[in-house]
Amino acid sequence: MYYFRDDLQQKKPINIDVPHKKTMMCLNESSLNPLERIQTEFLEKMKNVPLNRYFNNITGQLKNALSEYTKLPADHLIFGNGADEMLFTIFNAVRNDNNSFAVSLAPSYFDYKSYSGAVGLGMKFLYLDENFDFSVDEYLKLCDDENCKLAVLCNPNNPTGNLLPDEKIMQILENFKGLVLIDETYFEFSGKTFADKINLYPNLVIVRSFSKSFSSAGLRFGYIISQPQNIRELEKAMTIFHLNLMTQSFVLTLLENKDIFLNHTKQVIENKQVVFNELNAINGLKVHPSATNFLTFTIGEKTENLYNFLAENDIAIRAVWHHPVLKNHVRVSISNANDNAQFLNYVKKFMSKFYE
Ligand SMILES: Cc1ncc(COP(=O)(O)O)c(C=O)c1O
């Protein structure tokens with residue numbers, strides 16, 4: 001007897017296949033533990049947030065703080081447990097029946113496929129070309145189907161790191177009749193957003209995260225920006241107390257101290273440039289420009305050997321070579337100056353062994 005949805009039986013469990021090493025440069029996390037910087041303020045706030053209650057006015061305060069941060073009215077926002085939960089909610093809310101599907105570029109954020117699969121929403125992919133660009137006509141052709149409920153665009157794109165051309169995103173917003181989801185998880189690193197166009201496009205939904213710039217991957221906080229009528233519909237597909245009051249208090253504290261994290265972001269962007277320049281100067285290594293907190297690069301056939309060499313030396317980076325567009329590529333998350341220097345040292349050591 002199988003107790004679950006028919007399509008779940010064929011699916012693989014969702015898991016993240018990364019090595020666990022002393023120096024973690026594989027999940028685009030921050031090297032800063034936010035609690036170290038805001039512990040006193042957070043604990044002070046928690047004194048007024050009794051955890052025996054479902055409701056607390058912290059929720060309203062957080063909405064207002066996020067509204068100030070995004071420069072949008074509070075009725076344009078909903079939040080939850082990470083960008084992942086926001087993606088899951090959107091996928092769940094647009095799925096109409098077994099024929100419903102979404103369109104995404106590929107390679108892109110791996111879990112679009114996991115979470116759309118989890119709610120029984122199909123997904124069709126258009127491959128990026130070797131410049132990580134795409135044909136908007138081809139994209140719109142894939143979307144031109146009454147069962148296509150969602151167009152997904154990751155901007156900047158993970159794992160390629162690049163921003164998609166503005167005019168192509170606009171063309172999709174203007175020509176696709178369904179919802180267009182722009183994933184701006186790396187917004188604070190790219191400085192690029194479509195949030196200022198939210199009132200021009202009733203089909204636009206933006207997803208953002210506090211895991212990257214706000215250094216809080218383990219906290220799990222993300223949010224959606226859209227017009228109020230979309231926010232109301234999405235709320236119908238969520239449970240009411242899904243985001244605990246402790247997380248809400250912590251996020252409010254993060255926002256009240258946002259300069260710490262935005263300055264840290266600036267530092268990461270500078271560190272990224274240093275790592276980029278150093279990698280770029282290595283013979284036989286190709287590194288791609290990136291508007292995020294990671295760099296994607298290749299040394300060709302020997303990339304997997306380099307990945308293993310780094311792992312043997314307790315440094316975890318991410319294998320992203322499974323998609324043909326990123327054959328022989330790996331991705332490294334920018335960390336603090338110490339980790340970055342260590343990473344660069346081992347890359348240089350490996351390259352001198354093989355190439356000189
Ligand atoms: C493009 C993209 N979207 C969403 C997420 C998930 O973010 P969160 O940790 O907020 O769930 C990630 C995480 O790496 C990501 O790279």
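# Notebook: ligand shell, domains and backbone of a predicted model

**Ligand shell.** I began with the ligand and found 13 residues around it, the closest being Gly-82, Ala-83, Asp-84, Ser-209 and Ser-211. I note at the outset that this is a predicted model. I then asked which element gives the most to the shell, and the entry reads helix α3, residues 82-94, with three residues. By class, I recorded four nonpolar, seven polar and two charged residues in the shell around the ligand.

**Nonpolar cores.** Next I looked up the largest nonpolar core, which holds 57 residues, and wrote down the members that touch the most others: Leu-87, Ile-90, Ala-151, Val-152, Leu-153, Leu-181 and Ile-224. Helix α3 supplies the largest share of this core, eight residues, and α3 is also the element that gives the most to the ligand shell. I noted a second core lying apart from the largest one, with 24 residues, including Leu-279, Leu-310, Ile-334 and Phe-343. For one member of the largest core, Leu-153, I listed the contacts, leaving out residues up to four places away in sequence, and obtained Leu-105, Leu-164, Ile-169, Ile-172, Val-180, Leu-181 and Ile-182.

**Domains.** How is the protein divided? I have domain 1 as 16-32 + 259-355 and domain 2 as 36-257, with 26 Å between their centres when these are taken over C-alpha atoms. Across the boundary, 25 residues of domain 1 are in contact with 24 residues of domain 2. On the side of domain 1 that touches domain 2, I found that the elements giving two or more residues are α10 and β10 (294-298), and that α10 provides the largest share, seven residues. The residues of that side of domain 1 divide into twelve nonpolar, ten polar and three charged.

**Helix α10.** Since this helix had come up at the domain boundary, I checked its geometry: α10 runs over residues 258-280, and its end C-alpha atoms are 32 Å apart, which agrees with the 33 Å that its 23 residues should span at 1.5 Å a residue. Which residues of α10 are buried? My list has Phe-261, His-264, Thr-265, Val-268, Lys-272, Val-275 and Leu-279. I put beside it the general point that an α-helix has 3.6 residues a turn, so residues three or four places apart point the same way. One of the buried residues, Leu-279, is also a member of the 24-residue core. By contrast, Asn-277, which is found in helix α10 as well, counts as exposed because it has 10 C-beta neighbours inside 10 Å, and the cut-off for exposed is 12 or fewer. I also took the separation between Asn-277 and Ile-224, whose C-alpha atoms are 35 Å apart although the two residues are 53 places apart along the chain.

**Helix α2.** I made the corresponding check on α2, residues 58-70, where 13 residues reach 18 Å from the first C-alpha to the last, close to the 18 Å expected at 1.5 Å a residue. Lys-71 follows α2 and has a positive phi, near 60°.

**Cis peptide bonds.** I recorded a cis peptide bond from Ala-106 to Pro-107, with omega near 0°, and placed Pro-107 in the loop between β3 (101-106) and α4 (111-118). A cis bond also joins Asn-158 and Pro-159, where omega is about 15°, and Pro-159 sits in the loop between β5 (148-154) and α6 (166-175).

**Positive phi between β7 and β8.** In the loop between β7 (204-209) and β8 (222-225) I found Ser-215, which has a positive phi of about 60° although it is not a glycine. Is Ser-215 buried or exposed? It is buried, because 24 other C-beta atoms lie within 10 Å. Arg-220 lies in the loop between β7 and β8 too, and its phi is near 70°, again a positive value in a residue other than glycine. With 19 C-beta neighbours inside 10 Å, however, Arg-220 counts as partly exposed, because buried requires 20 or more.

**Lys-12.** My last entry concerns Lys-12, in the segment before β1 (23-24), which is exposed, with 7 other C-beta atoms within 10 Å. The C-alpha atoms of Lys-12 and Gly-117 are separated by 9.8 Å, while the two residues are 105 apart along the chain.

Methods. Residues are numbered from 1 along each chain as its sequence is written. This is a predicted model: local features need pLDDT of at least 70, side-chain atom pairs count only at pLDDT 80 or more; totals for chains, interfaces and linings use all residues. A residue is near a molecule or strand if its C-beta atom, placed from the backbone, lies within 6 Å of it. Helices (H or I, at least four residues) and strands (E, at least two) are DSSP runs, numbered from the N terminus. Ala, Val, Leu, Ile, Met, Phe, Trp, Tyr, Cys and Pro count as nonpolar, Asp, Glu, Lys and Arg as charged, and the others, Gly among them, as polar. The expected span of a helix is 1.5 Å times one less than its number of residues. A nonpolar core is a set of buried Ala, Val, Leu, Ile, Met, Phe, Trp, Tyr and Cys residues joined through C-beta atoms within 7 Å. Two residues are in contact if their C-beta atoms, placed from the backbone, lie within 7 Å. Domain bounds come from an automatic or database domain assignment.
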